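The following paragraphs lead through one protein structure, from the chain as a whole to single pairs of residues. Please keep the sequence and the model in view while reading.

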Amino acid sequence: MNDSTPLGRWDGPWYRVHTEQFETAFLPNAGENLESVDNIDVFVELKDGSRWSATIATLAQVEILMKRWAASGEALEGRYFWCSDGLIVRDAGVSNMTQVLTT
(Lines give C-alpha, C1' and ligand atoms only; values in the text may rest on other atoms or scores of the structure.)
Protein backbone atom coordinates (compact mmCIF):
# COMPACT_ATOMS: atom_id res chain seq x y z
CA MET A 1 0.00 0.00 0.00
CA ASN A 2 1.29 3.48 -0.79
CA ASP A 3 0.45 7.03 0.26
CA SER A 4 -2.25 7.34 -2.42
CA THR A 5 -4.19 4.35 -1.11
CA PRO A 6 -7.39 5.64 0.49
CA LEU A 7 -7.65 5.06 4.18
CA GLY A 8 -9.50 1.86 4.60
CA ARG A 9 -9.61 -1.12 6.83
CA TRP A 10 -9.51 -4.83 6.42
CA ASP A 11 -12.65 -6.73 7.38
CA GLY A 12 -11.79 -10.38 6.77
CA PRO A 13 -11.15 -10.70 3.04
CA TRP A 14 -12.77 -7.32 2.33
CA TYR A 15 -10.97 -3.98 2.07
CA ARG A 16 -13.46 -1.30 3.09
CA VAL A 17 -13.11 2.35 2.15
CA HIS A 18 -15.35 5.09 3.56
CA THR A 19 -15.99 8.32 1.68
CA GLU A 20 -18.42 11.15 2.32
CA GLN A 21 -20.82 9.65 -0.24
CA PHE A 22 -20.54 5.89 0.28
CA GLU A 23 -18.76 2.89 1.74
CA THR A 24 -17.12 0.38 -0.57
CA ALA A 25 -16.12 -3.20 0.09
CA PHE A 26 -13.44 -4.37 -2.34
CA LEU A 27 -12.65 -8.09 -2.57
CA PRO A 28 -9.00 -8.46 -3.64
CA ASN A 29 -7.20 -11.77 -4.00
CA ALA A 30 -5.20 -12.81 -0.94
CA GLY A 31 -1.90 -10.93 -0.84
CA GLU A 32 -2.76 -8.74 -3.85
CA ASN A 33 -1.23 -5.26 -3.86
CA LEU A 34 -4.16 -2.85 -3.57
CA GLU A 35 -2.59 -0.36 -5.95
CA SER A 36 -2.00 -3.01 -8.63
CA VAL A 37 -5.54 -4.39 -8.64
CA ASP A 38 -6.79 -4.52 -12.23
CA ASN A 39 -9.89 -6.70 -11.88
CA ILE A 40 -11.96 -6.72 -8.68
CA ASP A 41 -15.47 -7.10 -7.35
CA VAL A 42 -16.80 -4.24 -5.27
CA PHE A 43 -19.94 -3.60 -3.27
CA VAL A 44 -21.06 -0.02 -2.66
CA GLU A 45 -23.50 1.25 -0.05
CA LEU A 46 -24.68 4.83 -0.48
CA LYS A 47 -25.59 7.10 2.43
CA ASP A 48 -29.30 6.62 1.59
CA GLY A 49 -28.92 2.88 2.23
CA SER A 50 -29.11 1.82 -1.41
CA ARG A 51 -26.59 -0.78 -2.51
CA TRP A 52 -25.06 -1.95 -5.74
CA SER A 53 -22.25 -4.15 -6.90
CA ALA A 54 -19.83 -4.08 -9.81
CA THR A 55 -16.85 -5.76 -11.32
CA ILE A 56 -14.22 -3.13 -12.02
CA ALA A 57 -11.54 -3.92 -14.59
CA THR A 58 -8.87 -1.92 -16.36
CA LEU A 59 -8.68 -1.53 -20.12
CA ALA A 60 -5.45 -3.55 -20.03
CA GLN A 61 -7.18 -6.41 -18.20
CA VAL A 62 -10.03 -6.42 -20.73
CA GLU A 63 -7.45 -6.63 -23.54
CA ILE A 64 -5.79 -9.61 -21.83
CA LEU A 65 -9.12 -11.38 -21.48
CA MET A 66 -10.08 -10.74 -25.10
CA LYS A 67 -6.75 -12.11 -26.33
CA ARG A 68 -7.21 -15.20 -24.16
CA TRP A 69 -10.72 -15.67 -25.51
CA ALA A 70 -9.46 -15.28 -29.09
CA ALA A 71 -7.30 -18.34 -28.48
CA SER A 72 -9.98 -20.31 -26.60
CA GLY A 73 -12.88 -19.41 -28.89
CA GLU A 74 -14.94 -17.76 -26.15
CA ALA A 75 -16.94 -14.58 -26.83
CA LEU A 76 -16.85 -15.10 -30.62
CA GLU A 77 -13.11 -15.64 -30.46
CA GLY A 78 -12.53 -12.59 -28.29
CA ARG A 79 -14.43 -10.16 -30.50
CA TYR A 80 -16.43 -8.71 -27.62
CA PHE A 81 -16.33 -8.19 -23.86
CA TRP A 82 -19.43 -8.30 -21.72
CA CYS A 83 -19.73 -8.23 -17.96
CA SER A 84 -22.89 -7.76 -15.92
CA ASP A 85 -22.53 -4.62 -13.78
CA GLY A 86 -19.10 -3.99 -15.29
CA LEU A 87 -17.14 -0.77 -14.95
CA ILE A 88 -14.04 -0.24 -17.08
CA VAL A 89 -11.34 2.11 -15.78
CA ARG A 90 -8.11 3.28 -17.36
CA ASP A 91 -5.82 2.88 -14.35
CA ALA A 92 -5.37 0.10 -11.80
CA GLY A 93 -5.57 0.40 -8.03
CA VAL A 94 -8.09 0.83 -5.26
CA SER A 95 -7.25 4.55 -5.02
CA ASN A 96 -8.08 5.16 -8.67
CA MET A 97 -11.19 3.01 -8.51
CA THR A 98 -12.45 4.81 -5.41
CA GLN A 99 -11.84 8.15 -7.10
CA VAL A 100 -13.79 7.00 -10.19
CA LEU A 101 -16.68 5.86 -7.98
CA THR A 102 -16.68 9.23 -6.22
CA THR A 103 -17.22 11.23 -9.41
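A residue is called buried when its relative accessible area is under 20%, exposed when it is over 50%, and partly exposed in between. In this predicted model, buried residues make up 35% of the 103 residues in the protein chain. The chain exposes about 6500 Å², and carbon and sulfur atoms supply 51% of that area. Along the principal axes, its C-alpha atoms fill a box of roughly 45 × 30 × 25 Å.

The secondary structure comes to 3 helices and 6 strands. Read from the N terminus, the order of the elements is β-β-β-β-β-α-α-β-α. How much of the contact count comes from residues 24 or more positions apart? Among contacts in the chain with a separation of 6 or more, such residues account for 44%.

The interior comes next. In soluble globular proteins, nonpolar side chains tend to be buried together. Here the largest nonpolar core has 15 residues, of which Phe26, Ile56 and Met97 touch the most other members. Several elements each supply at least two residues of this core: strand 2, strand 3 (22–27), strand 4, strand 5 and helix 3 (94–102).

Helix 3 can be followed further. Its buried residues are Val94, Ser95, Asn96, Met97, Thr98 and Leu101. What do the buried residues of helix 3 pack against? They pack against strand 2, strand 3, strand 4, strand 5 and strand 6. Met97 shows the contacts of one residue of this helix: not counting residues up to four places away in sequence, Met97 touches Phe26, Val37, Asp38, Ile40, Ile56 and Val89.

Another buried position is Thr55, which lies in strand 5 (residues 51–58). Its relative accessibility is 19%, so Thr55 counts as buried, the limit being under 20%. Leaving aside neighbours within four places in sequence, Thr55 is in contact with Asn39, Ile40, Asp41, Cys83, Asp85, Gly86 and Leu87. Ile40 is thus on the contact list of Thr55 and also on that of Met97.

The aromatic rings can be taken in pairs. A pair of aromatic rings is described by the distance of the centres and the angle of the planes. The whole structure has 3 aromatic pairs. In one of them, the ring centres of Trp10 and Tyr15 are 5.1 Å apart and the planes stand at 65 degrees, so this pair is edge-to-face. Are the two partners buried or exposed? Trp10 counts as partly exposed because its relative accessibility is 46%, whereas Tyr15, at 1%, counts as buried.

Trp14 and Phe43 form another edge-to-face pair, with 5.4 Å from centre to centre and 70 degrees between the planes. This pair links distant parts of the chain: Trp14 is in strand 2 (residues 14–18) and Phe43 is in strand 4 (residues 39–46), 29 residues apart. Trp14 has a relative accessible area of 21% and is therefore partly exposed. Phe43 is partly exposed as well, at 41%.

Charged side chains are the next topic. The structure holds 4 salt bridges. One of them joins Arg16 and Glu23, with the closest N and O atoms 3.1 Å apart. Arg16 is buried, with a relative accessible area of 18%, while Glu23 is partly exposed at 23%. In the salt bridge between Arg51 and Glu45, the closest N and O atoms are 3.7 Å apart. Arg51 is exposed at 65% relative accessibility, and Glu45 is partly exposed at 36%.

Glu63 and Lys67 form a salt bridge with the closest N and O atoms 3.8 Å apart. These two residues are 4 residues apart in helix 1 (residues 59–72), so about one helical turn separates them. Glu63 is partly exposed at 41%, and Lys67 is exposed at 56%. Elsewhere, salt bridges that share partners join Asp11, Arg16 and Glu23 into one network.

The last stop is a nonpolar patch on the surface. Leu76, Tyr80 and Trp82 form this patch, and together they have about 390 Å² of accessible area. Trp82 sits in the loop between helix 2 (74–78) and strand 6 (86–89). With a relative accessibility of 64%, Trp82 counts as exposed.

Technical notes: Residues are numbered from 1 along each chain as its sequence is written. This is a predicted model: local features need pLDDT of at least 70, side-chain atom pairs count only at pLDDT 80 or more; totals for chains, interfaces and linings use all residues. Side-chain values use heavy atoms; hydrogens and water are left out. Rings of Phe, Tyr and Trp (its six-membered ring) pair if their centres lie within 6.5 Å; planes under 30 degrees apart count as stacked, over 60 as edge-to-face and the rest as tilted. Buried means under 20% relative accessible area, exposed over 50%, partly exposed in between (1.4 Å probe, protein chains only). Contact means heavy atoms within 4.5 Å. Patches are made of residues with over 30% relative accessible area and no salt bridge: like charges are joined within 9 Å, nonpolar side chains (Val, Leu, Ile, Met, Phe, Trp, Tyr) within 5 Å. Accessible areas come from the Shrake-Rupley method with a 1.4 Å probe; for residues, only the protein chains shown count as cover. A nonpolar core is a set of buried Ala, Val, Leu, Ile, Met, Phe, Trp, Tyr and Cys residues joined through side-chain atoms within 4.5 Å.
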